[in-house]
Structure formats: structure tokens, C-alpha cells
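Reader: I would like to learn how to read the helices and the packing in a model like this one. Where should we begin?

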Amino acid sequence: MKKGIKIGLIVLAVLVIVGLISSYFIRSYNHIVAQNEAVSGQWANVENQYQRRADLIPNLVNTVKGYATHEQQTLTEVIEARAKATQTQITFDELNEETLAQYNQAQGELSAALGRLMVVSEAYPALQANQNFRDLQTQLEGTENRIATERRRFNEMVQSYNVYVQQFPRNVIAGMFGFKPKSFFAAEPGAEKAPKVEF
């Protein structure tokens with residue numbers, strides 16, 4: 001075989017290998033981006049459900065206020081907890097264990113305040129008979145279920161993303177472009193006892 005043909009075959013083999021590596025690199029990078037965007041989109045779904053709950057609260061408080069005039073402290077606690085929960089905002093880029101814990105704590109305080117409001121409402125039979133109050137309770141219950149569902153989906157997407165970006169050799173590609181594992185939405189201490197929200 002001629003020397004030129006050997007060199008040509010070696011160059012061709014190198015080009016094929018470089019092409020395969022480049023192709024793998026590009027596919028892996030694109031998949032990491034797609035998974036990162038999926039986690040981001042799911043985070044938006046979680047926030048959307050928390051916002052839905054926050055939007056229901058003023059109507060619920062106003063309805064209760066008309067019947068439970070002696071429960072001003074409980075109503076104030078709910079309003080303050082809602083204000084704190086809506087002020088505790090984090091962007092997707094800021095998601096880490098610490099910021100998620102702060103967000104989760106603010107939302108947990110709101111859940112606890114709502115639970116106390118529902119307990120107080122039991123002392124007012126006329127309030128329990130109010131159709132508007134019952135409708136708001138139903139919407140709140142549905143929203144709490146949606147929050148739990150969206151948080152579970154968020155954690156599933158984070159798990160999938162984390163596994164992908166930590167496997168070799170994709171972890172090298174992820175590290176080159178600053179893709180890091182994401183934090184999970186963890187339950188608050190004591191969350192194994194669901195807040196009692198009675199309708």
C-alpha cells in the first residue's frame with residue numbers, strides 16, 4: 001500500500017472518530033438543555049398552583065370576616081402568612097437547597113394559618129352553610145391537591161435531570177457548560193402530619 005493511501009486512511013479514521021465524538025457531545029448537550037428546560041417549566045407549574053392558592057385566600061378571608069368578627073387575630077395571621085408567602089419568590093436560576101427551604105417554609109406557614117382558619121370556621125354554623133364559603137373551601141382543597149401533584153412532578157423531573165447530568169461522560173459536558181444538579185422540593189420537618197383543613 002502506498003504511503004499516501006495509509007495517511008489518507010488514518011486521516012479519514014481520525015475524522016470519523018472526531019465526528020462521532022462531536023455528534024455525541026452535541027446530542028448530550030442538547031438533551032441536558034431540554035431536561036433543564038423541562039425542570040424550569042415544571043417549577044413554573046409549582047409556582048402557578050401556589051399563586052392560585054394565594055389568589056383564593058382574600059376571598060376566603062373576606063367571607064369568614066363577615067361571620068367570624070371575633071376572630072381578627074386568626075384572620076390577620078392568614079393575611080400576614082399570605083403576604084410573606086407571596087413575597088418569597090425565587091427564580092429558576094436561584095433554585096438550590098437553601099432557597100427552596102425558605103420558599104417551602106413560607107408556604108408551610110401559610111398552610112398552617114389556613115388550617116387554623118378552617119378550625120375557627122367550624123365554630124360558625126352559618127358560615128359553614130354559606131355557599132360561597134363552601135365553594136371556596138372546595139377550590140382550596142383542589143388547589144392543595146394540585147400543589148402536591150406539581151411538587152411531585154417537579155421532583156421527578158429533577159431526579160431525571162440530576163441522573164442525566166451526573167452520569168459519565170455527560171457530567172463532563174454538563175460541567176463544561178455550568179449545568180449542576182438541582183435541589184428537590186423536600187418536605188418540611190413535621191410535614192408527615194398533614195395540616196388539618198376541615199371543610
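Author: Begin with what counts as a helix: a DSSP run of H or I, at least four residues long, numbered from the N terminus. The model here is predicted. By that rule M176 belongs to helix α6, residues 170-176.

Reader: Is M176 buried or exposed?

Author: The cut-off for exposed is over 50% relative accessible area. M176 is exposed because its relative accessible area is 54%. As for its position, M176 and A85 are 91 residues apart in sequence, and their C-alpha atoms are 36 Å apart in space.

Reader: How should I read a pair of packed helices?

Author: Two packed helices are described by the angle between their axes and the distance between the axes. Take α2 and α3: their axes come within 8 Å and cross at roughly 160 degrees. Angles over 145 degrees count as roughly antiparallel, so α2 is roughly antiparallel to α3. The crossing of α2 past α3 is left-handed.

Reader: Which residues of α2 and α3 meet?

Author: From α2 the list includes L75, V78, A81 and A85, along with charged residues such as E77, R82 and K84. On the α3 side, those met include A106, L110, A113, L114, L117 and V120.

Reader: And what should I look for in a nonpolar core?

Author: In soluble globular proteins, nonpolar side chains tend to be buried together. The largest nonpolar core in this model has 21 residues, and L60, V64, V78, L114 and L117 touch the most other members. Two or more residues come from each of α1 (3-67), α2 (72-87), α3 (97-121) and α5 (131-166). The largest share, 6 residues, is from α3.

Reader: What is V64 in contact with, leaving aside its neighbours within four places in sequence?

Author: V64 is then in contact with L75, L117, L127 and F133. Another core lies apart from the largest one; it has 20 residues, among them V39, W43, V165 and I173.

Reader: How do I set a database annotation beside the model?

Author: Take the span from the record, then check what the model shows there. UniProt, in an unreviewed entry, places a "transmembrane region" at residues 7-26. In the model residues 7-26 are 100% helix and 0% strand, with the end C-alpha atoms 28 Å apart.

Reader: Which residues does UniProt list for "coiled-coil region"?

Author: The unreviewed UniProt entry lists residues 126-153. That span is 96% helix and 0% strand in the model, and its end C-alpha atoms lie 39 Å apart.

Notes
Residues numbered from 1 in each chain as written. Predicted model: local features only at pLDDT ≥ 70, side-chain atom pairs only at ≥ 80, totals over all residues. Heavy atoms only, no water. Core = buried A, V, L, I, M, F, W, Y, C linked by side-chain atoms within 4.5 Å. Buried < 20%, exposed > 50% of the residue type's maximum accessible area, 1.4 Å probe, protein only. Contact = heavy atoms within 4.5 Å. UniProt positions renumbered as here; feature names shortened; annotations may be inferred. Axes fitted to C-alpha atoms, helices over the stretch in contact; angles between N-to-C directions. Parallel < 35°, antiparallel > 145°, perpendicular 65-115°, else oblique. Left-handed = near helix turned anticlockwise from the far one by under 90°.
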